Amino acid sequence: MSNIQSVLHETRVFTPSDEFVKQANVSGMSAYQALVDASQKDYEGYWAKLARETLQWKKPFTKVLDESNAPFYKWFEDGELNVSYNCLDTHLTTQPEKTAIIFEADDGSVTRINYRDLHARVCQFANGLKSRGIKKGDRVVIYLPMSIEAVVAMQACARIGAIHSVVFGGFSSKSLHERITDAQACAVITSDGQFRGGKAMPLKPAVDEALGMGGCEGVHSVIVYQRTNSEVTWGGNNIWWHDLVTGQGTTCEPEWVSAEHPLFILYTSGSTGKPKGVQHSTGGYLLGAMLSMKWVFDYKDSDVFWCTADVGWITGHSYVTYGPLAMGATEVIFEGVPTYPDAGRFWKMIQDHKVTTFYTAPTAIRSLIKLGGDLPRKYDLSSLRLLGSVGEPINPEAWMWYYTEVGQSRCPIVDTWWQTETGSHMIAPLPGAMPIKPGTCTLPLPGIQATIVNENGDEVFDQHGGFLVIKRPFPSQIRTIWGDPERYKKGYFPHEMRGYYLAGDSAHRDEDGYFWIMGRIDDVLNVSGHRLGTMEIESALVANPLVAEAAIVGKPHEIKGEAVVAFVVLKGARPADAAAAKKLAEDLRNWVGHEIGPIAKPDEIRFGENLPKTRSGKIMRRLLRAIAKGEEITQDVSTLENPAILEQLKEVVR
Ligand code: PRX
């Protein structure tokens, strides 16, 4: 790595090859600029034209953007369409035989399904949902492993106008319960279990537990896909997936909905304890997913597209379930983990399936460098033509490795900045247009008016940077927080920001106007590319009968990006010795795993008799961050009641 390090002291710029530029959907900087100019000249006209050209409408829209009740924006509201129709039916006459999904299971077995069969399966399942009385506007929670079925379930909901809320399979029963009740779901779609790393793991017990916690009386159907053949407890309202679809027809007229009809709710962490149900629209959302496929992923019919994200995250929604299918792509879906049977799994799959476009997260890249930096060389990766990164800033060393070892210095890397709330890419290279540099997501997509402002909402252009905002509403953005419009308004459109969308990230721009994302401005951690609210974890810890108080901070972590550090004050005395502390720390880690999910488990726990606080009683988080990082404490600690606790909090329990 030493030669890579030294390279990084220069600001390296990688210009797309002539060959790439020639074939690109947006070819050259002038083509990019022409789109940007068109969007600035006539903002609504620009989006209207794209929406007409890109989506198939049952009933064309006449209104473009409605800002009358800002920030509750509406796009293309009187137009009618169906997302599942746009993803499936549109390909039935042109390419019914084309493989839609190449599914590779944990054990390496491969299943292919073409567009005709996928359409039939979605219709059958949609008819099955209807047979349970599920209809337009109903909420359906999906808690499934990566599978063709997960895509079928989401698409089937979209087909009948039901609003899905996918819950990542790594979340605990408590988190699942919180989401089922908040969304007031009427059905849950799950599986008996899932395979990961050669092991069968249960999934359905978490659903049973969640439903047993109360407040889920509205759930009238639990549909269970049989994956692992493991034993399950059976409730009165449970039905096997295969029984539900038996005898159902393979066509199903789509429910034509307004472009503003909610397509889904996806929960994400915010700075307060309760996860937010981010509500997305039908028309604007799909437009964003398709345009970014075309522009950022430079999508071609001959591509084999692979986004490694789980459908439980926004990346899996936009770049597994919706974007690629709407484009008529062949895509890879993977059930397992990147390290099983060894750290060459991703590279082997790229070789076997001739993947052209590969999209993953920096945390995966870092762990694969560590576990086998030379492994990509053992595989034929010549099919690749484009690489992507998402979820957190990619550190330049990881970028260089990805570029040289995986992309063999041939493939542009698109570092895509966006969020659950934005629905699709916001700032990312159009790979045949702009030169790229390690560590920057480059420039906003045409039509996205991203900029950086200070605390008064004034634009800043210097190196210090400020808050990342988007000045004008855009089609794929969040519409509201489910059941909490006030939180939506306050959180994303605070008064000082003049009606701009506040992303919650800080950023700066370099001399080329390229954006560099610096991190979150709120109490949100980014652990392995996943957003975790510090308050959420604190609340989970405090819910433990032994815990009086807890504070969570992040500290840099080589693989995960950020690690979770917990400072805990017990109701009783601090653990008597190292062994007792270790045991208790482990119990509390498991507790958090049970309350939220394994991803939220603190990496480190430290016990103190108190937490450092200001006179007004606020926890001094900056001080705790410094302690977690092992930094010299330079802050004024004279206001501390008991400075001795700082020494206690420096002790790591391992
Ligand atoms: O902090 C930014 C970071 O991830 C946050 C959004 O997280 P989530 O809603 O879970 O969506 C992740 C997948 C889109 C952002 O506020 N983030 C995401 N992509 C990048 C990034 N930070 C830097 N560079 C990126 N490419």
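Is E67 buried, partly exposed or exposed? In this predicted model, E67 counts as partly exposed, at 33% relative accessibility. The legends below begin with the salt bridge that E67 forms.

**Figure 1. A salt bridge joins R472 and E67.** The side chains of these two residues meet with a distance of 3.0 Å from N to O. The pair links distant parts of the chain, 405 residues apart. R472 is in the loop between β22 (466–470) and β23 (480–481), whereas E67 is in the loop between β1 and β2. R472 counts as partly exposed because its relative accessibility is 25%, and buried would mean under 20%. In general, side chains of opposite charge can pair when their charged atoms come close.

**Figure 2. E77 forms salt bridges with K63 and with K74.** Between K63 and E77, the closest N and O atoms are 4.0 Å apart. This pair links distant parts of the chain, with the two positions 14 residues apart in the numbering. K63 belongs to the loop between α4 (43–54) and β1 (65–66), and E77 to the loop between β2 (74–75) and β3 (80–81). For the bridge between E77 and K74, the closest N and O atoms are 3.8 Å apart. Relative accessibility is 43% for K63, which counts as partly exposed. E77 is partly exposed as well, with a relative accessible area of 26%, and K74 is partly exposed at 32%.

**Figure 3. Four charged residues are linked in a network of salt bridges.** The members of this network are D298, K300, D303 and R385. A search of the whole structure finds 41 salt bridges.

**Figure 4. Strand β15 is mostly covered.** The strand comprises residues 276–280, and five of its five residues are buried. In a regular strand the side chains alternate between the two faces of the sheet. In β15, K276, V278 and H280 point one way, while G277 and Q279 point the other way, and all are buried. Strand β14 (residues 264–268) runs antiparallel to β15, and five bridges join the two strands. Within this pairing, Y267 has G277 of β15 as its bridge partner. β15 also pairs with β23 in the antiparallel sense, over two bridges. Here the bridge partner of V278 is I481 in β23.

**Figure 5. Strands β28, β29 and β30 form an open sheet.** The three strands have the order β28-β29-β30, with mixed pairing. β28 and β30 are the edge strands, each of which pairs on one side only. From one strand to the next, the twist averages 25°. β28 and β29 run antiparallel and are joined by ten bridges. One of the paired positions is E549, whose bridge partner in β29 is V569. Helix α19 packs on the sheet and touches β28, β29 and β30, and the direction of α19 makes about 60° with that of β28. Helix α18 (residues 578–595) lies across these three strands and runs at about 120° to β30.

**Figure 6. Helix α19 has several buried residues.** The helix covers residues 621–629, and its buried residues are R621, L623, L624, A626, I627 and A628. An α-helix has 3.6 residues a turn, so residues three or four places apart point the same way. The buried residues of α19 pack against two helices, α17 (534–542) and α20 (644–650), and against the strands β28 (547–557), β29 (561–570) and β30 (604–608). Just after α19, G630 takes a positive phi of about 75°.

**Figure 7. Positions carry a "binding site" annotation in an unreviewed UniProt entry.** The record places this feature at R196, G197, G198, K199, T315 and S528. These positions span 333 residues in sequence, and their farthest two C-alpha atoms are 25.3 Å apart, so they do not all gather at one spot. G197 is found in the loop between β9 (193–196) and β10 (199–202). With a relative accessible area of 23%, G197 is partly exposed. Residues up to four places away in sequence are not counted in the contacts of G197, which touches D106, V337 and Y340. K199 lies in strand β10 and counts as exposed at 55% relative accessibility. Apart from neighbours within four places in sequence, K199 is in contact with D106 and Q194.

Methods. Residues numbered from 1 in each chain as written. Predicted model: local features only at pLDDT ≥ 70, side-chain atom pairs only at ≥ 80, totals over all residues. Heavy atoms only, no water. Buried < 20%, exposed > 50% of the residue type's maximum accessible area, 1.4 Å probe, protein only. Helix = DSSP H or I, 4+ residues; strand = E, 2+ residues; numbered from the N terminus. Contact = heavy atoms within 4.5 Å. UniProt positions renumbered as here; feature names shortened; annotations may be inferred. Pairing = 2+ DSSP bridges. Axes fitted to C-alpha atoms, helices over the stretch in contact; angles between N-to-C directions.
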